[in-house]
Amino acid sequence: MTLDDIITALFPDGHEVRNDKGVLLGSATLRSGANMLVLGVADRTALGVDEAIRLSGHVLKSIDRDSGPILVLVDSDSQRMSKRDELLGLNEFLAHLAKVLIHADMNGRPTIGLLYGHSAAGALLATGLATRVLVGLPGADPAVMDLPSMAKVTKLSMEALEEKARSTPVFAPGLSNLAQMGAVHMTWSHAASLADQLEALLADMPAARDGRDALGKARGGRLKAADIAERVRDLALQAR
């Protein structure tokens, strides 16, 4: 499905989503009649300072004047690796975008990420993984870090990483591995109505507390994360 097909299928009652050089901004009407803010990255566009600040501004303006859920569509490259972006403080712009989405979610604007293409590294962290619930479409191709980049950072050989990737989802790219780790909440089907699947998710949204660690443990992808998170919460409570 093309991006236009996906948006039309999600919002058969109409939308005003525009693609401006890979930046998606707009809103749409849900079947319930409610309004949904829509933003995102398309066409495997790298997420740089210019894109991040436009997306952040779209959300912040909506918080002041609107209500309703927020959808983040994702088909990006990684963060933009240019000297200009780095000198301008790309890490701060990406963190700002993630914090804006989390702020909206914590203040009555439930956020959903929809990964329909590629995404990686900082771009994925600041968009889809910053939403309360990340959904994948079949064929999506996410990677927190690809194996060649991971080899450079860890100093492990490609052969060693490929072997680990076959048995440990933490080392492996792909939608199914992110789902096993709990990062992807569910994968929708092209065979069913996307509008119906969206409405069903909105009617049964998980609690605002981040439960991806527990989901990853239940799916066998992150066996220690939930226990560690629980110990950290206990220590934080004891320190008060």
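**Notes on a first look at this model**

1. Let's start at the first hairpin. Strand 1 (residues 18–20) runs antiparallel to strand 2, and three bridges pair them. Keep in mind as you look around that this is a predicted model.

2. The link in that hairpin is two residues long, and K21 in the turn has a positive phi of about 55 degrees. If you want one pair to find on screen, try R18, whose bridge partner in strand 2 is L25.

3. Strand 2 (residues 23–29) is worth a pause, as it is mostly covered, with five of its seven residues buried. Strand 2 also pairs with strand 3 (residues 35–47), again in the antiparallel sense, this time over seven bridges. L25 turns up here too: its bridge partner in strand 3 is L39.

4. Between strand 2 and strand 3 there are five residues, and the two strands form a hairpin. The turn holds G33, which has a positive phi of about 95 degrees.

5. Now for the inside. Which residues have the most contacts within the largest nonpolar core? They are L39, L47, L55, V59, I70 and L97, in a core of 33 residues. So L39, the strand 3 partner of L25, is a handy place to move from the strands to the core.

6. Several elements feed this core. At least two residues each come from strand 3, helix 2 (49–65), strand 4 (70–79), helix 4 (90–106), helix 5 (121–126) and helix 8 (175–180). Helix 4 gives the largest share, with seven residues.

7. L97 is a good residue to click on. Setting aside neighbours within four places in sequence, L97 is in contact with L47, A52, L55, S56, A126 and T127.

8. Don't stop at one core, though. There is a second, separate core of 25 residues, and L30, I112, W188 and L198 are among them.

9. Last, look at how two helices meet. The axes of helix 1 (residues 3–10) and helix 9 (residues 194–203) come within 7 Å of each other and cross at roughly 60 degrees, which means that helix 1 is oblique to helix 9. On the helix 1 side the contact is made by I6, A9 and L10, and on the helix 9 side by L194, A195 and L198. What kinds of residue make up this contact of helix 1 with helix 9? Six are nonpolar, with no polar and no charged ones. You may recognise L198, which is also included in the second core.

Terms used
Residues are numbered from 1 along each chain as its sequence is written. This is a predicted model: local features need pLDDT of at least 70, side-chain atom pairs count only at pLDDT 80 or more; totals for chains, interfaces and linings use all residues. Side-chain values use heavy atoms; hydrogens and water are left out. Axes are lines fitted to C-alpha atoms, for helices over the stretch in contact, and angles run from 0 to 180 degrees between N-to-C directions. Helices (H or I, at least four residues) and strands (E, at least two) are DSSP runs, numbered from the N terminus. Angles under 35 degrees count as roughly parallel, over 145 as roughly antiparallel, 65 to 115 as roughly perpendicular and the rest as oblique. Contact means heavy atoms within 4.5 Å. Ala, Val, Leu, Ile, Met, Phe, Trp, Tyr, Cys and Pro count as nonpolar, Asp, Glu, Lys and Arg as charged, and the others, Gly among them, as polar. Buried means under 20% relative accessible area, exposed over 50%, partly exposed in between (1.4 Å probe, protein chains only). Two strands pair if DSSP finds at least two bridges between them. A nonpolar core is a set of buried Ala, Val, Leu, Ile, Met, Phe, Trp, Tyr and Cys residues joined through side-chain atoms within 4.5 Å.
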